[in-house]
Number of protein chains: 2
Amino acid sequence: MPDLLIKNCHVLQTDDAAGAVSVAKNSDILIDGNRISAVLPTDAARTAAQVLDGREMLAMPGLINTHAHVSMGIFRGLAEDVSIEKWFNEYMWPLESNLTEEDVFWGMQLGLAEMIEGGVTTVADHYFFMDRAAEAVRQAGTRAVLGWAVFGNQGYAALDATAEFVSRWQGQANGRITTLMAPHAPYTCDDDFLRATVAHAQNLGVGIHIHAAETLGQTEASLQKRGKTPIQVLADTGVFSVPTIIAHGCGILPEDITLMQSAGGKIGVAHAPKTYLKLGMGLTPIFDLQAAGIAVGLATDGPVSNNTLDIFESLRLMAMLQKHEARNPEVMTIPQAINIAVRGSAAVLGMENQLGRIAPGFLADVILVDMSGVHHQPLHSITANLVYNTRAGDVQTVIVDGRIIMRDRQLLTLDKAEIIRRVKGNMARLAQRVPSKRIQVYNP
Amino acid sequence: MPDLLIKNCHVLQTDDAAGAVSVAKNSDILIDGNRISAVLPTDAARTAAQVLDGREMLAMPGLINTHAHVSMGIFRGLAEDVSIEKWFNEYMWPLESNLTEEDVFWGMQLGLAEMIEGGVTTVADHYFFMDRAAEAVRQAGTRAVLGWAVFGNQGYAALDATAEFVSRWQGQANGRITTLMAPHAPYTCDDDFLRATVAHAQNLGVGIHIHAAETLGQTEASLQKRGKTPIQVLADTGVFSVPTIIAHGCGILPEDITLMQSAGGKIGVAHAPKTYLKLGMGLTPIFDLQAAGIAVGLATDGPVSNNTLDIFESLRLMAMLQKHEARNPEVMTIPQAINIAVRGSAAVLGMENQLGRIAPGFLADVILVDMSGVHHQPLHSITANLVYNTRAGDVQTVIVDGRIIMRDRQLLTLDKAEIIRRVKGNMARLAQRVPSKRIQVYNP
């Protein structure tokens, strides 16, 4: 008897290598341990140790957030309608001087609660005090790829400490937690610091998660200061010798893409459209990256720029903005958009053989999305509704690693009231802002 | 004793003529009949015939959807990833040949249910079989500005019939329903037909709701065919002699704005950003229109292009896209965006002295938005969260004309199960598509 059976749901099928997306209506999903064991036409007689009713639900791979600073949620709403320079120098980096380990712990729980409620089961998180973030992930029962962010001016001892974090948590929580190195960006880490980071990554057998070419302005500044684009800096310092997650890349040039393609290694780009709109950063060149075989996935970025952690919103924005920029509604079709959300995001994390498909052998990270609401009816096209109608609040049930962590919108692993009480209690302290007391200076 | 008291809520204040927006925390809203009678600091001893608990809720004016084809929801998901020409000629206009009066009645109820659940209390609806749409509004208890859409090639008898609809429903349902003339667009109505429409509007003392300059392509086509922009056509045929709602206007040129400004009459522009992104239409020149003193409001357009009726999403997209297009995060600030959503939209409908403010004497169209969810916490800025975090599903309670029509997310005037049963039952018939059997041809 299987451990878990999701009965009579509609299953999103993204198994086609050429990118076709379909829905297997009225299907049963069987889960054994932490893996999907079968997807079959529904059978009333079938049973399991635990059974979930999937009627009027779309079962799909748990969403993946390929780049976030989850705990920044504790600061959200504090930096609005300002330039990217002010956002960093007058708001975010002074605010982050207030940050404590416990803030990260409760901020991470807050963000994990929000993400679980919105169907996000895996996050690539890039922030500080990451032992506490990892502990929150362990408790929440979700999956995470964690990196401890570091700036060059913190020095090599700080870098070494982030490598120790990598060792400490790699493969923890039944393998739900993996780790990587997380230098902040080429504009805050010099070449030697990046080379030392690469050496750590190679020694540890892990990848690197880094912001790069966030805007065209950064690319231009890098060309002026270093005579190289940020992507060239990553190539020349050896970053691409290990699996790399590049956050944003709105300033990636065509010659950068050639360079990324010729690097031969695994490079993925995390696309966080809401941040780009809010901060006027431009957009990642998604089609050009995909044409070069480089994986593109969806992300939220941190909740001070986003201001939420909603991957359904990222999906919708990503799709619509590509149509808008091209002034062509026939590009970025629904199947293309869905593939980026599921298989693309899994590939950015190097987990395309583990996540992003509801298929036998894949990890049992499955969400059930309720399609019965009036905003979905009548349900002519499940895939169209998935991209253009679905709200985070439609997610009913969340399974990670074979375990139900939200059922009928009730969180089963986190104490929401306690989390909110904790983060509320620190609001006044967190909102203090002394521009001279900042953790870093933005001057790309 | 007041009829209704909303106790201890946070009240969105948009009374400032210069556009400042603030929040009066811990306030009571008193409602007598269908009007707001007072907004006062909360007082535990205060009572009323009916009392709503407003703790952790933002009370704000009911949202206004300034341009929609609500009943089109019955077709949603059936026209995706196609050019605007195909969208009309191969999908929408063939599909609409299936439309019956009863489809409009149930489609309208479906859309009204979705809008109530999302805090939309007023809609300017532009569609067919509008007696049935009006009946649905009467039953739902919402407010609507209704126009019966008509194409020039339907002839003058059809136009006369739409004028009869205007008379029949003007001021019905305690004034919740008002009406206007609704010629489809300059590219489907010739000059004489528009002049005849204006004559009806003048006789009836009502306005005109029309699509115009939807894209730059339409403006160029109009210049080629008629030697005038669509806006010039409206000006020359006398449309601007009556209050006018222009839908979309992504193809409005600077000289058009001068013309609109000099027309002297009341002109408002309905901005429906999700449709523009999905169909690659460009964007309404909001700042230029506002600089010329022309009202701009938010809209969804119909659910086949949108694909929902979510004004919170329109608000967020509108704000973010203006920042994106300008590559400047300092434009379209949170107060500016909120003002467009509330006062701007009310002004587009010519109701700026009745709707769009929580203030004594204004109509009691009030929604309570729950700010207690994890995606809102910690609540550093209510106004930032209103624009960037709020989901349609956060709306808890909806009051229109002093009457509670949704309470704790339960619809009190509509039978959701019956509505869904009805629209589901017609799906196969509605989805039939015979391109030769279309109600109109798109050839601007």
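Me: Which residue of chain A comes closest to the rotation axis?
Reply: Two copies of a chain are related by a rotation about an axis and a shift along it. In this predicted model, A:Gly393 comes closest to that axis, at 3.4 Å (C-alpha). Residues are numbered from 1 along each chain as its sequence is written, and chains are lettered from A in the order in which they are written. Local features need pLDDT of at least 70, side-chain atom pairs count only at pLDDT 80 or more, and totals for chains, interfaces and linings use all residues, while side-chain values use heavy atoms, without hydrogens or water.

Me: What turn and shift lay chain A on chain B?
Reply: A turn of 180° and a shift of 0.0 Å along the axis, with an RMSD of 0.0 Å. That is the relation of a two-fold axis. The superposition is by least squares on C-alpha atoms of residues with pLDDT of at least 70 in both copies.

Me: How many residues are in contact?
Reply: 64 of chain A with 64 of chain B; contact means heavy atoms within 4.5 Å. 100% of the interface residues of chain A are also interface residues in chain B, so the copies meet through the same surface.

Me: How much area do the chains bury between them?
Reply: The size of an interface is often given as the accessible area lost when the parts come together. Here that is about 5,200 Å² (1.4 Å probe, summed over both parts). Carbon and sulfur atoms carry 60% of it. In chain A, A:Asp81, A:Val374 and A:His380 lose the most area to chain B.

Me: How many salt bridges cross the interface?
Reply: The rule finds 8; it asks for a side-chain nitrogen of Lys or Arg within 4 Å of a carboxyl oxygen of Asp or Glu. B:Lys323 forms one with A:Asp81, the closest N and O atoms being 2.6 Å apart.

Definitions and conventions. Buried area = accessible area lost by both parts, 1.4 Å probe.
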